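User: I'm new to this one and would like a quick tour. Can you take my questions one at a time?

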Amino acid sequence: MSRHGKEAVNSYPMELDDYEYRYYKDLKDGTRKVRIVGAKYYCPFCNGKKDYTFQELLEHATEIGLRSRKSDLKEKAKHLALKYYVKKYLTPEEKHLPSVKVDDLPRPSDKDPQFCWPPVGIVANIATQLINGRRVAGSGTQLRDELIMKGFEPVRVTPLWNIRGHSGFAAVEFSDGWDGFSNAMKFEKDFEVKRCGKKDYFGLSVVNRGDMLYGWVAKDDDYRSRNIIGKFLSKRDLKSVSLREAELRRHSSMLVSNLKGSLHQKDDRLKEIKSKYSETSASVRNLMNQKDKLIQYHNEEMKKMQQAAHDYFQTVSAEHEKARQNLEAQKRELEEQEAQLLQRENESERRRLDNEKKMNELATQEQKMAEERMLKLADEQKKEKEQLHEKILLLERTLDEKQALELEIQSLKGSLDVMKHMAEDGDITLKKKMEDIQEELKEKQENYDALDDLNTALMIRERKTNDELQEVRKELIQGFAQIKTRADIGIKRMGDLDQKPFHVVAKTKFSDEDTAREWVATMSSTWEEHLRDQSWHPFKEIIDEDDERLNGLKADCGDEVYNAVTRALMEMNQYNPSGRYIVRELWNFEQNRKARLNEAMELLLQFWKKVKKRRARY
């Protein structure tokens, strides 16, 4: 071949690539457009008005683009550019691809060539050298780099070896896809244009092949051959283009079907999450409403208690003021009488008046001291109420903050579940938002734990304070039990049955004192046993008025005995409902109520001072 002929052959693939790039750029820029009408496609390079389906247009472009080198170069480049453009930028109009079964796949015919898949190219006539009795040649990496520079994009190049060393053949592997198949066909056409294809290789003798490389794409005859090439290709599949397209359609159909099923599952899951979120929100709103009602009821009760305490204090103050005014009036009257007696110079009357004046002064001092004690007790009661109110407000604030945090945590968890479900589609914005919500949820959970710890510490502190007060009260009860005094503060046996009403009834029933005492002992003993009977529980919220045993007692002995028994029963139920035995308690007998610790301590201090003075005399 002349030098001019060789240069023409070598320039052919370069011109083809240039034209192909130019027409591809025209299609991409919109200079030339593929006309689409419904599901019909029209070739922008053919003058005819023939319409194609999407698959037919692709086959049309592939067929013209892969014709022999005798075809027009520009026509070849146009349709190769069209094929790449259609595969990359156009999609078929059929949105619902029918499912394809294995039995429905088309069978390859004699006119439909079969290729090894993934595509494999064969490079032959590689120069080798005999070194130490074995044939060696260049590495496959070097040959792969050369093919990459030509634009064929092979995955790897594997030299084929036999017992003598390098066989002079190499397998060029391409990617598993249409891009890999297109690169393989370009690889084959490149060698065919140089007259170094498969036919040229087998049509020349070994001498006439020279040092040129020959190449082609492995087909069914190479696959079935019993040489080193067939052995390498036996690990791959043999498929035609139509069979491969059918497999891809079947794969796409299965993928669409799986995606639809996954989408339905996600929709159902989203609906379930929304339903749970709605239920949780409704429950939280209900709890908040109940909390508001309880707070309102508590505030109203506190106002009533404060108003009642204020009214009681005003009443006591008014009574003390009235008593003070009466004493002052008596004082003025006595002073007037004293002036009259001075005029009369009656010594005996003067002494009597002096005594009455002293008594009045003592009464005034007692009244003043009583007022001071009353004011002191009122002030202490007010401080205790303020401290209790502050504790209640602190607990309410802690509870409000805790419930508000619980509400926010529940809301954030619901939002996070929805975000997790939606972020499975790969939305970066949703993932970022979900991370922010997780950070906020973590912070809220830490605040909630801190409030929970504070609430627990306050409860432990209050319980410890109550325990200490109970211990002090027990010690005071034991101390007062050893003191014999007629003071207003003392020990009362809660649940102890008062026998005075029984004696009153006995005097009306019996004239004989022994019989009366015997009846009192029997009745009091019987009813003390009834009071200790844990199986007898004549209560609803108060004393059950329909209880037969109590009604019988009321009918036989009257209201006084009935009241004494019910009073003991209520005290026992209040102080020891489980054990039903008598409990000692500090009691203010003057006001008939449970004595406060400061009252007991004040009385105990007065008693100690008296004892101290008495010892000082001796």
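User: Which residue in S13 is the bridge partner of Asn588?

Analyst: This is a predicted model, where local features need pLDDT of at least 70, side-chain atom pairs count only at pLDDT 80 or more, and totals for chains, interfaces and linings use all residues. Residues are numbered from 1 along each chain as its sequence is written, and side-chain values use heavy atoms, leaving out hydrogens and water. S12 and S13 (residues 593-594) run antiparallel and share two bridges; strands here are DSSP E runs of at least two residues, helices H or I runs of at least four, both numbered from the N terminus, and two strands pair if DSSP finds at least two bridges between them. Across from Asn588 in S13 sits Arg593.

User: Which residue takes a positive phi in the hairpin of S12 and S13?

Analyst: That hairpin has four residues between its strands. The one with a phi near 55° is Asn592.

User: How are the rings of Tyr41 and Phe54 arranged: stacked or edge-to-face?

Analyst: Rings of Phe, Tyr and Trp (its six-membered ring) pair if their centres lie within 6.5 Å, with planes under 30 degrees apart called stacked, over 60 edge-to-face and the rest tilted. The count by this rule is 17 aromatic pairs. For Tyr41 and Phe54 the centres are 5.8 Å apart and the planes at 70°, so the pair is edge-to-face.

User: How far from the ring centre of Tyr201 is the charged end of Arg209?

Analyst: A charge sits over a ring if NZ of Lys or CZ of Arg is within 6 Å of the ring centre and within 35 degrees of the ring normal. Arg209 does this over Tyr201, at a distance of 3.8 Å.
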